[in-house]
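Trainee: Could you take me slowly through one part of this structure, with the helix contacts and the residues that make them?

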Amino acid sequence: MTSVKLKKLLKRETASIVHEIVEVIDQTIGIQDVNGKLLLGDEKSFVLGKYPIKLEEDVIGWVGGPEKASSVASLLSHIAEREFEKRTLSRETLERYKEINLLYTISAKMASCLDAQEVAQLIIDEVRKTIQATSASIMFPNEKTDTFDIIAAFGTAVSTKFELKTNEGIAGSVLFTGKGVIINDVQSSPEFVEGPYKISSLICIPLKVEEKVIGVMNISSKDPVTYTAGDLKLATALATQAAVSIENARLQAERLEQEKIVQELEIARNIQVSLLPNTTPIVEGAEVTALFLPARQVGGDFYDFIPISENNLGLVIADVSGKGVPAALFMALSRALMRANSLQNPHVSHAVIRTNKLILDCATSGLFVTLFYAIVDTQARILKYVSAGHNPPILYKKRTGEIQLLEADGIALGVLDDIELEERETSLEEGDLIVLYTDGVTEAMNVQDEEFGEERLIQLILDNHTSSANELSCKIKDVVMEFAGEAPQFDDFTLMVVKMQ
Amino acid sequence: MDKKILIVDDEPHIRALLEQTLEDFEDEGVEILIAKDGQEGLDIIQEEHPDLVFLDIMMPKMNGFDVCNTVKNELNLKDVYIVMLTAKGQEFDKKKGVEVGTDTYMTKPFDPDAIIEKAEEVLGIEL
């Protein structure tokens with residue numbers, strides 16, 4: 001509380017002024033403090049009269065002496081008033097000065113801080129020095145759980161396990177309205193949600209970046225406190241600083257994460273592309289071709305040509321679930337096992353069943369792979385095939401002009417230990433076309449969110465059945481790309497075409 | 001005997017702020033004295049023998065270094081603890097500070113908490 005002590009007042013210039021006045025009025029006077037202690041002059045003068053020295057309505061001392069001494073009392077009252085005003089102003093200025101100093105210190109500290117949690121803790125630590133509180137926290141809404149996550153705290157908020165929903169409580173309301181509140185009697189607030197610790201008074205302010213509320217800051221006291229508009233203003237200034245720094249720190253972290261993802265994708269893509277055949281085999285009796293366009297996100301598509309014997313060529317097309325490095329590694333494993341087993345097992349189903357077993361023995365990643373495996377006998381013109389949950393390839397029969405889907409029962413690999421795969425076969429003739437593909441072809445989307453679809457692919461094959469395998473695969477790619485237009489490619493695009501000669 | 005703090009600064013607002021910052025020490029019986037320039041500061045130091053002095057450097061009549069040098073080296077008042085106040089952006093001449101016998105220095109704009117901590121430490125008073 002700002003006050004003026006008469007003893008102190010009389011020590012400065014005032015004392016010499018009083019002495020001058022005493023000389024002018026040529027009378028003896030005395031000055032006492034409010035408790036009657038003589039500060040200046042003669043005690044005996046109080047016998048003649050006693051005049052109060054007032055500061056507003058309070059008496060802070062007395063002037064003793066003849067009637068003229070009353071003017072000294074008036075003068076001292078006036079000087080005391082001026083001193084009181086000066087000190088009140090100084091106190092106010094000091095408060096503002098402390099705030100500026102605090103913001104200055106925080107800005108300097110935050111400038112070198114790039115971690116959101118560290119910035120938040122810095123603010124909380126400064127808050128506790130400046131605003132009376134038993135607990136404080138900075139919370140961000142968690143979009144997955146719809147509750148607040150406490151990212152920095154002091155006091156009881158540090159250990160709380162209490163989960164506040166983002167659409168309830170005072171914090172929820174501040175998050176929604178973007179307006180800070182002072183609630184000095186929390187218990188009577190209808191919005192208050194009781195937690196495990198007692199709260200009597202609370203300041204809750206939004207952390208805003210431009211107009212977006214990214215979180216809230218709570219400052220609370222278990223004992224009743226009268227938080228003022230000044231406290232709210234200071235807390236808001238701190239919250240504004242914090243919000244910008246935290247957002248910058250978060251953006252920086254996201255950027256680093258993004259860079260990491262890009263690097264990871266690069267690795268995954270390199271693994272994937274390095275494992276695909278770099279040439280297409282030349283076989284007598286058939287023209288074979290393959291086309292692969294990786295998606296930015298890197299799916300797990302792969303294909304392979306496996307030379308089983310002179311006239312028998314194994315064809316593998318597969319799609320691994322998941323994306324990125326895990327999918328690329330799973331693809332590498334699946335491809336290697338499939339290749340090894342195909343060479344050892346003349347039966348298409350045995351090769352794939354064996355591959356499934358080994359995948360389950362080797363991998364615990366929870367990934368799986370859909371796969372179509374066929375052996376084309378270019379001499380006998382027979383196609384034997386199995387499908388482990390893969391899109392059925394399309395067979396165009398030149399003689400009848402019909403389309404046949406190469407369907408066979410079976411489930412994806414890497415899911416169940418004992419699987420059964422239906423092994424089927426079909427005869428082929430000159431001019432027949434087999435189009436093997438992954439869902440990146442038929443599920444390619446355009447900007448209107450429409451899928452390319454199996455029907456369009458079939459029509460394309462019917463319209464271009466006279467083309468060579470290579471021409472047809474290029475045509476399919478061009479048409480699908482044209483269909484997708486500006487829409488991004490979300491999945492790998494893999495296509496194999498075999499044309500019987 | 002009551003303890004004394006002297007504030008020596010030619011800028012009225014700095015004097016007022018420092019005085020206000022140190023206000024609570026008055027309740028502990030500490031007397032706060034004020035001087036508006038170096039010469040007045042030196043006079044008060046000789047007369048009142050304060051325990052702690054917050055001394056501005058750039059002042060009319062007599063600068064802070066000269067005041068400090070006179071107090072510490074000529075008057076040999078080693079027990080007067082002197083905190084030199086240097087304006088922000090104005091590099092404190094540490095070598096000169098040591099020569100004239102300053103005890104420490106602080107930068108303006110000062111941190112009120114740091115001023116209080118220093119006064120508590122020098123006067124042995126805990127607010």
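Mentor: What follows is a close look at helix 6 of chain A and its packing partners, with a few words on other contacts at the end.

Please keep in mind throughout that this is a predicted model, scored at ipTM 0.75 and pTM 0.53.

Helix 6 of chain A covers residues 229-275, and against it packs helix 4 of chain A, residues 116-130, at an angle of about 165° and with the two axes 8 Å apart. Because angles over 145 degrees count as roughly antiparallel, helix 4 of chain A and helix 6 of chain A are described as roughly antiparallel to each other, and the crossing between helix 4 of chain A and helix 6 of chain A is right-handed. On the side of helix 4 of chain A the contact is formed by A:Ala116, A:Val119, A:Ala120, A:Ile123, A:Val127 and A:Thr130, while helix 6 of chain A contributes A:Leu234, A:Leu238, A:Ala242, A:Ser245, A:Ile246, A:Ala249 and A:Arg250. Sorted by class, the contact of helix 4 of chain A with helix 6 of chain A contains ten nonpolar, two polar and one charged residues.

Helix 6 of chain A also packs with helix 7 of chain A, residues 324-344, here at an angle of about 15° and again with axes 8 Å apart, so helix 6 of chain A is roughly parallel to helix 7 of chain A. The crossing of helix 6 of chain A and helix 7 of chain A is left-handed. In this contact A:Glu264, A:Leu265, A:Ile267, A:Ala268, A:Ile271, A:Gln272 and A:Leu275 of helix 6 of chain A meet A:Gly324, A:Val325, A:Ala328, A:Leu329, A:Met331, A:Ala332 and A:Arg335 of helix 7 of chain A, and the residues involved comprise ten nonpolar, two polar and two charged ones.

Elsewhere in the chain, the axes of helix 10 of chain A (residues 453-463) and helix 11 of chain A (residues 469-484) cross at roughly 140° and come within 11 Å, which makes helix 10 of chain A oblique to helix 11 of chain A.

Turning to the contacts between chains, B:Glu23 and A:Arg87 form a salt bridge through their side chains, at 3.4 Å from N to O, and since B:Glu23 belongs to helix 2 of chain B and A:Arg87 to helix 3 of chain A, this pair joins two chains. Over all chains the structure holds 26 salt bridges. Chain B has an average pLDDT of 90, with 97% of the residues scoring at least 70.

Conventions:
Residues are numbered from 1 along each chain as its sequence is written. Chains are lettered from A and ligands numbered from 1 in the order in which they are written. This is a predicted model: local features need pLDDT of at least 70, side-chain atom pairs count only at pLDDT 80 or more; totals for chains, interfaces and linings use all residues. Side-chain values use heavy atoms; hydrogens and water are left out. Axes are lines fitted to C-alpha atoms, for helices over the stretch in contact, and angles run from 0 to 180 degrees between N-to-C directions. Helices (H or I, at least four residues) and strands (E, at least two) are DSSP runs, numbered from the N terminus. Angles under 35 degrees count as roughly parallel, over 145 as roughly antiparallel, 65 to 115 as roughly perpendicular and the rest as oblique. A crossing is left-handed if the near helix is turned anticlockwise from the far one by less than a right angle, and right-handed if clockwise. Contact means heavy atoms within 4.5 Å. Ala, Val, Leu, Ile, Met, Phe, Trp, Tyr, Cys and Pro count as nonpolar, Asp, Glu, Lys and Arg as charged, and the others, Gly among them, as polar. pLDDT is the predictor's confidence in each residue, from 0 to 100. A salt bridge is a side-chain nitrogen of Lys or Arg within 4 Å of a carboxyl oxygen of Asp or Glu.
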